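Please find below a colleague's note on the structure, set out as numbered points. The remarks concern helix packing, two loop residues and model confidence.

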Amino acid sequence: MYSRTERLIGAEALEKLKKARVAVFGVGGVGGYVVEALVRAGVGEIDVIDNDTVSESNLNRQIIALRSTVGQLKTDVIALRAKDINPDVKVHTHNLFFLPETAFDFSCYDYVVDAIDTVRGKIAIIERATAANVPVISSMGTGNKMGNAPFEVADITKTSVCPLARVMRRELKKRGVEHVKVVYSKEEPRKGETAENDGEKAVPASISFVPPMAGLTIAGEVIKDLIK
């Protein structure tokens, strides 16, 4: 199934992907497309970490969200989808909400993807991966955006405009983490688009094509790093 991929990157690079193990934290709008692209590129082992279930509000943007999957665990749905694409892929599901105190071994991974939306969790993932000397890439904000600016790969120190990147830059610096690879856009988030509220925080507005743009950009960066 990977004959066309092999034509592009070569047999040696494809073998590297088959032997790689990648952890994806958060398999929603961004992370779901990361997993999709990793599996279709030939990554042989993937850990998916999420505690959420598919809801109707996910149908507008998440690749795993279908009427038939509403109510199911996202980790289970994406694992089944991955195996349906490549029966040989190994998928480890972790149905949990990652917090700084969560016991988790980062040392077994070749790459870590942060696609969650809580600042505390994102910081912890980056700190733990960095401490384990494992490459990590983090998704910045995709909510309230229309894709009017491209998503870019950059060091966190080079980011601008994105409010989440600004907070992450400041908080990571406090903790002595100066550099981390991120995907972000310079599009200013739209104001007044968060009328819906989940009881704890305003829920960002979203559209079908923006989270996939970020997720596929992240996956491409992970794949290129793994094979170079």
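1. Helix 5 and helix 6 cross in a right-handed sense. In this predicted model, helix 5 spans residues 119-131 and helix 6 spans residues 163-174, and their axes come within 11 Å at a crossing angle of roughly 55°. The two helices are therefore oblique to each other, since angles of 65 to 115 degrees would be needed for roughly perpendicular and angles under 35 degrees for roughly parallel. On the helix 5 side, the residues that meet helix 6 are Val 119, Lys 122, Ile 123 and Ile 126. Their counterparts in helix 6 are Leu 164, Val 167, Met 168, Glu 171 and Leu 172.

2. A second helix pair involves helix 2 (residues 11-19) and helix 7 (residues 210-227), whose axes come within 9 Å and cross at roughly 115°. Helix 2 and helix 7 are therefore roughly perpendicular to each other. This crossing, too, is right-handed. Helix 2 contributes Ala 13, Lys 16 and Leu 17 to the contact, while helix 7 contributes Ile 223, Leu 226 and Ile 227.

3. Thr 69 merits a separate comment. This residue sits in the loop that runs between strand 2 (45-49) and helix 4 (74-85). Is Thr 69 buried or exposed? Thr 69 is buried, because its relative accessible area is 9% and the cut-off for that class is under 20%. Its side chain has polar partners in the backbone: the oxygen of Ile 64 is reached at 2.8 Å, and the nitrogen of Leu 66 lies 2.9 Å from a polar side-chain atom of Thr 69. Leaving aside residues up to four places away in sequence, Thr 69 touches Val 54, Ile 64 and Val 77.

4. Asp 88 belongs to another loop, the one between helix 4 and strand 3 (90-94). With a relative accessibility of 64%, Asp 88 counts as exposed, because the threshold for that class is over 50%. Asp 88 and Val 39 are separated by 49 residues in sequence, and their C-alpha atoms are 10.0 Å apart in space.

5. As regards confidence, the chain has an average pLDDT of 95, and 96% of the residues score at least 70. Over residues 193-200, however, the pLDDT is below 50. In the model, this stretch nevertheless has 14 contacts beyond near neighbours in sequence.

Notes. Residues are numbered from 1 along each chain as its sequence is written. This is a predicted model: local features need pLDDT of at least 70, side-chain atom pairs count only at pLDDT 80 or more; totals for chains, interfaces and linings use all residues. Side-chain values use heavy atoms; hydrogens and water are left out. Helices (H or I, at least four residues) and strands (E, at least two) are DSSP runs, numbered from the N terminus. Buried means under 20% relative accessible area, exposed over 50%, partly exposed in between (1.4 Å probe, protein chains only). A polar contact is a pair of N or O atoms within 3.5 Å; within protein, one must be able to donate a hydrogen and the other to accept it, and residues adjacent in sequence count only if both atoms are side-chain atoms. Contact means heavy atoms within 4.5 Å. pLDDT is the predictor's confidence in each residue, from 0 to 100. Axes are lines fitted to C-alpha atoms, for helices over the stretch in contact, and angles run from 0 to 180 degrees between N-to-C directions. Angles under 35 degrees count as roughly parallel, over 145 as roughly antiparallel, 65 to 115 as roughly perpendicular and the rest as oblique. A crossing is left-handed if the near helix is turned anticlockwise from the far one by less than a right angle, and right-handed if clockwise.
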